[in-house]
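User: Pick one part of this model and walk me through it closely, please. I'd like to know what it touches and how it fits into the rest.

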Amino acid sequence: MLTIPQVASVLSISRAGAYELAHSKNFPAMLVGSRIVVPKDRLLAWVDRKVSERI
């Protein structure tokens, strides 16, 4: 599991951008208690889908 600051770092975006992304419809974020976390494997799959869409 990755936290939003970790997602921001991995994607080279701001924390605010990562929080905005986490609240978007098809992004694989989930709530655990009051924390937003992203399963690492689902983040990688999401990135792969986004790259495929651009080709």
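Analyst: **A close look at Phe 27**

Leaving out residues up to four places away in sequence, Phe 27 touches Val 7, Leu 21, Ala 22, Val 38, Leu 43 and Trp 46 (a contact means heavy atoms within 4.5 Å). Before going on: this is a predicted model, with local features needing pLDDT of at least 70 and side-chain atom pairs counting only at pLDDT 80 or more, while totals for chains, interfaces and linings use all residues. Residues are numbered from 1 along each chain as its sequence is written, and side-chain values use heavy atoms, with hydrogens and water left out.

Phe 27 itself sits in the loop between helix 2 and strand 2 (30-32); helices (H or I, at least four residues) and strands (E, at least two) are DSSP runs, numbered from the N terminus. Loop or not, Phe 27 is buried, at 6% relative accessible area. Here buried means under 20%, exposed over 50% and partly exposed in between, with a 1.4 Å probe and protein chains only.

Follow the contacts outward and you reach Leu 43, which lies in helix 3. Leu 43 is buried at 3% relative accessibility. Its C-alpha atom is 8.0 Å from that of Phe 27, although 16 residues separate the two along the chain. Setting aside residues up to four places away, Leu 43 touches Leu 2, Val 7, Val 10, Leu 11, Phe 27, Pro 28 and Val 38. Leu 2, in turn, is in contact with Val 7, Ile 36, Val 37, Val 38, Lys 40 and Leu 43, again without its neighbours within four places.

Put together, this is part of the largest nonpolar core: Leu 2, Ile 4, Val 7, Ala 8, Ala 18, Ala 22, Phe 27, Ile 36, Val 38, Leu 43 and Trp 46, 11 residues in all. Helix 1 (4-11), helix 2 (15-22), strand 3 (35-38) and helix 3 (40-54) each give two or more residues to this core, and helix 1 gives the most, with 3. (The core is a set of buried Ala, Val, Leu, Ile, Met, Phe, Trp, Tyr and Cys residues joined through side-chain atoms within 4.5 Å.) Nonpolar side chains do tend to be buried together in soluble globular proteins.

Not every spot in or beside helix 1 is hidden like that. Gln 6, in helix 1, is partly exposed at 38% relative accessible area. Its C-alpha atom is 9.4 Å from that of Val 38, 32 residues away along the chain. Ser 12, in the loop between helix 1 and helix 2, counts as exposed at 66%. Ser 12 also has a positive phi of about 55 degrees, despite not being a glycine.

Now zoom out. The protein has 3 helices and 3 strands, in the order β-α-α-β-β-α along the sequence. Of its 55 residues, 25% count as buried. Among contacts between residues at least 6 apart in sequence, 38% join residues at least 24 apart. The C-alpha atoms fill a box of roughly 35 × 20 × 20 Å along the principal axes.
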